[in-house]
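Work through the following exercises with the sequence and the model in view, and try each task before reading its solution.

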Amino acid sequence: MTKNIYASRILILDFGSQYTQIIVRRIREIGVYCESLKWNITEKEINDFSPNGIILSGGPESVTELNSSRVSNYIFNIGIPILGICYGMQIMAVQLGGVVEISNKREFGYANVEIIENCELFDNISDGINKNGNYILDVWMSHGDKIIKLPIDFKKVASTTNCLYAVIANDKKKFYGVQFHPEVTHTSKGVNILARFVKKICKCNLCWTTTTIVDDIINDLRNKIKNDYVLLAFSGGIDSSVTALLLHHAIGDKLFCVFVDNGLLRLNEAKETIDFFSKKFGLNIIKIQAEDRFLNALIGITDPEEKRKKIGNIFIEIFNEESIKYPNIKWLAQGTIYSDVIESGFSSIKKTHTIKSHHNVGGLPKKIKLSLIEPLKTLFKDEVYKIAIKLGLSNNVLYKHPFPGPGLGIRILGEIKKEYCDILRRADSIFIEELYKSNLYNKVSQAFAVFLPICSVAVMGDTRKYDWVISLRAVKTIDFMTAHWYQLPYNLLNKVSNRIINEVTGISRVVYDISGKPPSTIEWE
Ligand code: XMP
């Protein structure tokens, strides 16, 4: 029997703060399962979630505006601890009899909170003592409104120079409000405060650890799948690799990993990926050689979105054909993770049946008559990384740059031809090899070559060449939503350019892309 990793749970009611997902991650890092759901979920949904504590997030609205969001009063009557953060604190104040008004002084950035009254939330947590002999906390504030009258049965716990009620509490009911953001790293004791709330005030057990998560997923997969067989779209990227390894632990050879070589992969990628995972982990990988099928279907197509769609549709056709080939296969596994679920606008994992428009299978595989299984669906990327390490994946898989599902198809501008793919593969491989050699591969977030279907003149020896152009792209980013072009050393660029022009027939010129995102996307198409 594995421990029930969902036994203790915190519910975040989300009012649209940009930090809500950070709160979820912090609570999980502390060791407690946590989910954020929209602020207006029903009483039944709250009961179904069965939280040990509720956190009301911040949000962009002003409590003083007519029709601004309010939480159901129900949560104040069910006897569980509540922590309101920023907007969450203000609505709690207003709904429980306090008054909030627009402040003439916005408080944004670092602040010093002076603790005036003892409170269980901060007991022995502080950043020092001020000249009044009171404990202080260094925190991050971001608010315009402030409480001017306490709600009934609440006490003032702490203030800043601009904000009289920076922290409020009703110890008896275990309701706490903080005007600052404990979830951001700028609040130095923020994690301690959240941990105090979760562990001591909500009395949660710490069941959410990498080991227990892995055991739980494997157990759950076994119970669900029983004696059936499972098909997995396997690309060798981190999400599909972790999904494959978890399934392999759960059901062994009843997992069929399908690796599609669509002719748009990087140099030697198919062979290296299949060899690595079948030899090191014993995965049962079926390689589908489909270069001609993809390239023939792409003849004459120049529009990037049309290319994506075409590539995605053929992936689906192939999975459909494979699933029919093996009648025992009842399940299709996907490496969907929690952020994919959030991005598709579905808040509650438990209620979501929607299949992610997964890049690698390029759309909803409606045609496929299999049940969907998504073992990573509750997990953040950093949790997936921790599991990957636990399952023995090495750095070459863990820290590989992301590679888009349509592959070189969106790195060859305009129409795709085999000749272009072959040239691009070799140029790209030289670029990546040199990045590794100069220890820069892990410093850039994503690097690759792009094939530009324009010709330019080069004179090599006595021969005039009129050949294609390659652009190099290397970016640094945290979330891939924005990115800076990476300032690679000139001597490295020089070496890569020389090698590409000398070693790859068909290239006359190499350029370096110095565009940031926004506005220029990371991929050229
Ligand atoms: P952009 O080009 O939008 O890329 O700045 C952001 C990140 O997404 C990847 N990307 C894709 N991944 N299918 C994928 O699986 C796609 O169609 C696709 N387009 C972009 C890109 O490589 C980068 O990491």
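**Exercise 1.** Decide whether Asp239 is buried or exposed, and find what surrounds it.

*Solution.* Asp239 has a relative accessible area of 14% and is therefore buried, where buried means under 20%, exposed over 50% and partly exposed in between (1.4 Å probe, protein chains only). Asp239 lies in helix H6, and once its neighbours within four places in sequence are left aside, it is in contact (heavy atoms within 4.5 Å) with Gly335, Ile337, Leu376, Lys381 and Val384. The model is predicted, so local features need pLDDT of at least 70 and side-chain atom pairs count only at pLDDT 80 or more, while totals for chains, interfaces and linings use all residues. Residues are numbered from 1 along each chain as its sequence is written, and side-chain values use heavy atoms, with hydrogens and water left out.

**Exercise 2.** Classify the ring pair formed by Tyr436 and Tyr441, and state how accessible each residue is.

*Solution.* Rings of Phe, Tyr and Trp (its six-membered ring) pair if their centres lie within 6.5 Å, and planes under 30 degrees apart count as stacked, over 60 as edge-to-face and the rest as tilted. The structure holds 23 aromatic pairs. In one of them, the ring centres of Tyr436 and Tyr441 are 4.1 Å apart with planes at 15 degrees, so this pair is stacked. Tyr436 is partly exposed at 41% relative accessible area, whereas Tyr441, at 5%, is buried.

How values were computed
Helices (H or I, at least four residues) and strands (E, at least two) are DSSP runs, numbered from the N terminus.
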